[in-house]
Amino acid sequence: MPFAVVLILLVVGSIIFHVLSPWWFTPLASNWAMVDVTMDITFYVTGLVFVAVNLFMAYCVIKFRYKKEARATYEPENTKLENWLTFLTAIGVAAMLTPGLLVWANFVNVPDEAHVVEAVGQQWHWTYRYPGEDGKFGEVDAERISDDNPFGIDPDDPNGQDDVLVYNPEAHLPVDRPVKFLLRSKDVLHNFTVTEFRVKMDLVPGTDTFLWLTPTVEGRFEVLCEELCGIAHHTMRGAVIVEQQEDFESWLAQQPTWAENSARAAGNAQIGAAQYGVCAACHGQEGEGMQALNAPKLAGQSEWYLRKQILNYQNGARGAHQDDVYGKQMAPMANTLADAAAIDNVIAHIQTMPDNPAEQTIEGDVDNGKQLYRVCAYCHADEAQGVRAMNAPRMAGMSDWYLKRQLENYQTEIRGQHPTDFYGFQMSLMARTLYGEQDIDDLIAYINTL
Amino acid sequence: MEIGLIFLAIMLASLIGWLLKQTINTQPWVAEGVDEASYQAPYNARPKTVALATLLAVITSFFALIVSAYSLRMELGDWVPLTEPQLLWTNTAVLVLASIAFQWTRSAARSANEQRVKTGLVITGMLTTAFLIGQYIAWLQLSAAGHLVTTNPADAFFYLLTGIHALHILGGMYVWARATKRAFAGSDSVEESIQLCAVYWHFLLVVWLVLFGLMLST
Amino acid sequence: MSYVAIADRDHEEEHHDPQTFITKYVWSQDHKVIAIQYGCTAIFVGLIALALSAMMRLQLGFPDTFSFINPENYYQFITMHGMIMVIYLLTALFLGGFGNYLIPLMIGSRDMVFPYLNMLSYWVYLLSVIILIASFFVPGGATGAGWTLYPPQAIMQGTPGIDLGIILMLASLGVFIVAFTMGGLNYVTTVLQARCKGMTLMRMPLSIWGIFMATILGLLAFPALLVSAIMMMLDKTIMTSFFMPAISSMGADPGYTGGSPILFQHLFWFFGHPEVYIVALPAFGIVSDLLSTHARKNIFGYRMMVWAIIAIGGLSFIVWAHHMYVSGMNPYFGFFFATTTLIIAVPTALKVYNWVLTLWEGNIHLRTPMLFAIGFIFTFIHGGLTGLFLGNVTIDLPLSDTYFVVAHFHMVMGVSPILVVFGAIYHWWPKITGKMYNETLGKWHFWMTFLGTYAIYLPMHYLGFAGVPRRYFAMGNTDFLPDSAQDLNAAITISALFVAATQILFFINVFISLRNGKKADPNPWDATSLEWQTPDTPPKHGNWGHDLPECHRWAYDYSVPGYDDDFIPQNVPADIAPAGRDHGGEH
Ligand code: HEA
Ligand code: HEA
Ligand code: CUA
Ligand SMILES: [Cu+2]
């Protein structure tokens, strides 16, 4: 008896849980309402079966529980009943399958008017390519991929010259226009998912895959990678911003094309030297950093990382958090660099500085640090020299007290939580694998030995 | 994967066909369903034969899957067809002879002709060894011609298929060696071993012909 | 040759009658001892996998709390957890453990047909377990590629264990397959060749049918895993390009060209889907026998049950790509595989109906094994129905690779067969050990495991609906998830730890029973099948004493009208108690 009651309670409880649950599909933001409808149909059919079969079972347990004088009926089979049940089940299956297949037919046929965006996955971030004016993508090839050509575009392909390259994980889409995402992976399997869009597809190195949808709601939606792609799989996030056609176009116009990228002039170190005067007050003439002024060493840091951080300060991704005392000092300084050329010039100057290891201020248990560093090495490389393809900066020989403060900033969400600070977000998830100050000290002590 | 599927369809069809021939469609709770008097437990009780048949099914599944992988991989862009060494024709002939020799040994064993059994076993063993050596020479020739395992998927598959086939032959040689030892020790219980070995040899010959044909045609 | 020669062979030859402790318990060729060896080893690795799941849950429920879990070992944990649970625990336990114990006893044979091979099978299995566990301790650690081991990632930068870990994993799988094939040949041949007189195929208990069909599935499906393991091993060690396309890994070119990762997925799931039924079919079979025995009623629709087992086995080979709807394979395959996948629900549904109808008009004893059996029906229905969501290709789009999938397969594989395992252990415990277990402890064990696991897995579905991806070390702050999702995760973790802890009850029960258990009746449940009719309990070597049993009826003559006892064992001759129909049991 108690058993049957529990079974009934479980059935009722499951229904109540379902009804009360705040955890449900995210609000739909694409044309795939039919997916939700199919889902609802399936829910009703299976829900009915779940309730019916289990309640019947509970009834049997009550009604036919052991009684001394009772005796079971002998009934080897009942073909008629079994045929009926088969028939009903088949109907239930058909009721679920038919809408499913219809929607799928829709999904595999991309409408002709869809515009195309290429989402490129790699360990562990997203980048995008738009076909540009001519509507055609240039040829790409995994063998051509390098730091200067992260998309692996064929430089001689005329179709590729006007390809718009978005080297960060944020794509923009015009609202209410069907879009076909071409999916390409540089290294391993990934999966392009936007929960609100309902559809997803794997990225397979060596082949192009696709999915299509029409975004119907303006706003910012998170892109997740949902195919295990290594230890930082969970940090592979991005965003899709759905906006009006005009906004989309003006955004697109600001993005560099392949031709512009390859034609970009290198920074001028001499001009940069003049601009660096402002910086020298804190970071030192030689970019050696000054702990007293909380300014880290710059010399020896890679140019791409410096550029990204200056831009981060300029657009508020860094130095805007109210508790970011030192970042708030840096932000206005970064704004003194008027344009991209100015930034390039300063960086070119910094590249000319002598790279002497920074003074070491932190001590700790190197062995423990080595153990902890295993995870970091996936991105920052074994010698902590940084890896451009991973967007992970150099740490060896840089100001150790600064590294420590950044780690604490990541942990306390002072850094890495701004919506446009994608790489910072990635790092903040990683920083949380360190626990307590001792771990950080140990780790940095180990980096100091590299 | 089509090949895998076809193989499975055949497997399952024969399984179900066989089950139908059994008592599977009777109503087991009805006594008359089984004619107990005539029911002498399963068949004529040859467990080793049944086990060999099952093993051959497993091996077939294994090769069928490699072959489907082969055909899928072939369709990708970087496949450069391989010109198989001429030597393989000779090897094939040797393997055919080995099979024939085993068949001859088998009939000798059936007619309990000890001397012929011994001769047959030795000849089979020599021919099979010759085949293995021949395959190895073919490997050497290929790699001397610059076709290493990693040169091209066609090459890789060549080494894989021949290697795995050779391993199966080696497995057979183990049983053959035991049977031969017993035959020379004068034991009279080698007939079953020889029976089974002969079937296995024929089977591996067929597998080889399929693999060879596949590689030639692509 | 007559049947006696084979079924009775060992008894006549006596060539491996165990003499010393070593030959009796270590190098034993007795199927019962081998079964226990298999069972204990499987449970031992199962406990490791359980501990790993507890670690995973700690991280997921309370992120940023435990310093001994970092992304690297988290992914190693899930990989090893999944692999061990599916292959080294459940496959080994159902086929190596229960298969070995039950087949000869239930079909009235003295032993397996090839006892030596059988013994070898166990030792090779043990070797594979040792290799597997060794991979934890090699430099670089175990592989963290997920139990699906998808390339390129399984052998590429960015994953733990890409040096020795993955090699040992593939080697261990290869060795396991060899062990399984040795065992499998034995089980198939024994079922086909060593049945006692009168034991026709259609008189075999459903346990045997389930194990038999699962073995066939395994024999045909494991080669796919072997093929993919070999090719991946070559890709890893000598840089062939079977699965490895040209890629740029972390800014460097590893030197592969042109291979296809999808090819691996086809091979893997060609094995992987039948594998889930390899785990499910023995459970289906065993649960049928538990239900029938404890409800004192014949299993309803026996013929249909047998056909359903065969149909499920056959169909399970043509649905594999439902794991690949969003893998980037040709999307048109979706139509075919969605259809076959949903069709497989029909024979499965029939099995469920027949179990429930077996309870109908029965006389149900709610003993511990029966509780587990009914608990199984409940969780299996739940898990099977969520499978229909995923099988319906459209709904798989939002749900694939989320916690909904995790919830589905834990409901259907992580708890349903486990409940059957426990039910079966309690059910056959008196036969295996000759002692009774403690009913009260058993019931407590059931309640806590059953309710606890439901509390783990039900909420997981809702995380999946909300969009939480699987194989995520941490979610971090996201816009689309309510904060309460983390509370839900914490609750799941608490239930999981609770359930893991309550397994101690089981071991206490085992321990007490072995030491002070009441001596068991030879047939405490009044069951009909042959294993309960052995002259000794536990059965001695050779099982049947002097004479082999003869089988005169099917295994489900419970409550036959006109007969006083409510069960007639299979070996009771027809002239003492004719089979049911003769007494008007017509319907
Ligand atoms: C024991 C193991 C087991 C069993 C039995 C099943 C059974 C089923 N599974 Fe499951 N499955 C797994 C283990 C199992 N699965 C595992 C381990 C994975 C994940 C692997 C990984 O990625 O790591 C998985 C993943 C998985 C996927 C891939 C999801 C994804 O990755 O995106 C799919 C998709 O189709 C699926 C479908 C099904 C279906 C349709 C069934 C059906 O057989 C279910 C049939 C049963 C019923 C339907 C219930 C009983 C029926 C009734 C009570 C009446 C029904 C009435 C009507 C239909 C009207 N499963
Ligand atoms: C049989 C299979 C099985 C079983 C029993 C379990 C049991 C459990 N599993 Fe697991 N799990 C898998 C198979 C299984 N799992 C697979 C295949 C994956 C995918 C891996 C991958 O993604 O690569 C996975 C992944 C997986 C995840 C997802 C990780 C991720 O995606 O990030 C989680 C998260 O919570 C989880 C949790 C648990 C918990 C809490 C338990 C349990 O602790 C539940 C409670 C305990 C019991 C039900 C008792 C079981 C008892 C034993 C096992 C002991 C031995 C047996 C006897 C004494 C008879 N499992
Ligand atoms: Cu990319 Cu996961
Ligand atoms: Cu499946």
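**Exercise 1. Determine which polar contacts join ligand 2 to C:Tyr403, C:Tyr74 and C:Trp147.**

Solution. Begin with C:Tyr403, which has a polar side-chain atom 3.5 Å from an oxygen atom of ligand 2; a polar contact is a pair of N or O atoms within 3.5 Å. Next, the side chain of C:Tyr74 places an N or O atom 2.5 Å from an oxygen atom of ligand 2. Finally, C:Trp147 contributes a backbone N or O atom, 2.7 Å from an oxygen atom of ligand 2.

This is a predicted model, in which local features need pLDDT of at least 70 and side-chain atom pairs count only at pLDDT 80 or more, while totals for chains, interfaces and linings use all residues. Residues are numbered from 1 along each chain as its sequence is written, chains are lettered from A and ligands numbered from 1 in the order in which they are written, and side-chain values use heavy atoms, without hydrogens and water.

**Exercise 2. Describe the shell around ligand 2.**

Solution. First, count the residues with a heavy atom within 4 Å: 38 surround ligand 2, and C:His81 and C:Arg471 are among the closest. Then sort them: 26 are nonpolar, 9 polar and 3 charged, with Tyr and Trp counted as nonpolar, Arg as charged and Gly as polar. Lastly, assign helices (DSSP runs of H or I, at least four residues): helix 15 of chain C gives the most, with 9 residues.

**Exercise 3. Identify the protein donor of the iron atom of ligand 1.**

Solution. Search for N, O and S atoms within 2.8 Å of the metal (3.2 Å for Na, K and Ca). The only protein donor is NE2 of C:His408, at 2.2 Å. C:His408 lies in helix 15 (residues 403-433) of chain C. The copper ion (ligand 4) is 4.4 Å from the iron atom of ligand 1.

Terms used: Helix = DSSP H or I, 4+ residues; strand = E, 2+ residues; numbered from the N terminus. Polar contact = N/O pair within 3.5 Å; in protein donor to acceptor, adjacent residues only side chain to side chain.
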